[in-house]
Amino acid sequence: MKFTIRKAELADVPSIQLMIAESVNGLGAEDYSQEQIDGALKTAWGVDTQLIHDSTYFAVLDGAQLIGCGGWSFRETLFGNDSEEDRSPQQLNANTDAAKIRAFFVKPSHARIGIGSVLMKECEKEARAKGFHRLELMATLPGQRLYSRHGFVASKPIEYPLGGNVFITFVPMKKDIKNAT
């Protein structure tokens, strides 16, 4: 299958929002309850327009159809969308901090054909070009499988509060890219 990758634009936001919901409802259902998915779509998952403004977020297209998205960040915020209160626009120091891998989502009909891998390679390449030696991310349970294949090492899973008595399991992961090619 042929697809193209480009920098995401603000005009893509409505399509990205719809595709994220489709992605997590389709690909996350094996690992999360519908209550967890619905709660996370309100808080942890969604569009972070700071990434688009920073030109570190990508859209993957099959023709004109959005089939995937993901990016990286040189800011402190590890995950979440524009509505998150704990966001930090503080820029990271490439010599001491890890760049963040952010918000990878793939349309279920296009899953497991290499879209996540293409996004990961592009993000690593850009982060390395900006002087970063390490990457970190907060993985979903389905995403953990992709990131492990790309050399990320998992830490102890966390239970992230979604409101009420609902929690969702995420997995912090890290990778050294200093000597990667």
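At 68% relative accessibility, R112 counts as exposed in this predicted model, because exposure is assigned over 50%. R112 lies in the loop between strand 4 and helix 4, and its phi is near 60°, a positive value in a residue other than glycine. This briefing covers backbone outliers of that kind, the surroundings of strand 4, the aromatic pairs and one helix packing.

**Positive phi values**

- A103 also belongs under this heading, with a phi near 50°, again a positive value in a residue other than glycine.
- Whereas R112 sits in a loop, A103 lies in strand 4.
- A103 has a relative accessible area of 22% and is therefore classed as partly exposed, since buried means under 20% and exposed over 50%.

**Strand 4 and its neighbours**

- Strand 4 spans residues 99-106 and is mostly covered, with 7 of its 8 residues buried.
- On one side, strand 4 is joined to strand 3 by 5 bridges, and the two strands run antiparallel.
- Within this pairing, G71 has R102 of strand 4 as its bridge partner.
- Strand 4 is also joined to strand 5, here by 2 bridges and in a parallel arrangement.
- K100 stands opposite E136, a residue of strand 5.
- Between strand 4 and strand 5 the chain passes through helix 4, and the resulting β-α-β crossover is right-handed.
- As general background, side chains in a regular strand alternate between the two faces of the sheet.

**Aromatic pairs**

- A search of the whole structure yields 9 aromatic pairs.
- One of them is formed by W72 and F132, whose ring centres are 6.1 Å apart and whose planes meet at 70°, so the pair is edge-to-face; the class applies because the angle is over 60 degrees.
- This contact links distant parts of the chain, 60 residues apart: W72 belongs to strand 3 (residues 65-73), and F132 to the loop between helix 4 (115-129) and strand 5 (134-139).
- W72 is buried, with a relative accessible area of 1%.
- F132 is likewise buried, at a relative accessible area of 3%.
- Y160 and F170 form a tilted pair, at 5.7 Å centre to centre and with 40° between the planes.
- The two residues are 10 positions apart and link distant parts of the chain, with Y160 in strand 7 (residues 158-163) and F170 in strand 8 (residues 166-176).
- Both Y160 and F170 are buried.
- Ring pairs also connect Y160 and F170 with Y32, W45 and F79 in a cluster.
- In general, a pair of aromatic rings is described by the distance of the centres and the angle of the planes.

**Packing of helix 1 and helix 2**

- Helix 1 (residues 13-27) packs with helix 2 (residues 34-42) at an angle of about 155°, and the axes are 10 Å apart.
- Helix 1 is therefore roughly antiparallel to helix 2, because angles over 145 degrees are counted in that class.
- The crossing of helix 1 and helix 2 is right-handed.

Notes: Residues numbered from 1 in each chain as written. Predicted model: local features only at pLDDT ≥ 70, side-chain atom pairs only at ≥ 80, totals over all residues. Heavy atoms only, no water. Phe/Tyr/Trp six-rings, centres within 6.5 Å; stacked < 30°, edge-to-face > 60°. Helix = DSSP H or I, 4+ residues; strand = E, 2+ residues; numbered from the N terminus. Buried < 20%, exposed > 50% of the residue type's maximum accessible area, 1.4 Å probe, protein only. Pairing = 2+ DSSP bridges. Right-handed = clockwise from strand over helix to strand, strands pointing away. Axes fitted to C-alpha atoms, helices over the stretch in contact; angles between N-to-C directions. Parallel < 35°, antiparallel > 145°, perpendicular 65-115°, else oblique. Left-handed = near helix turned anticlockwise from the far one by under 90°.
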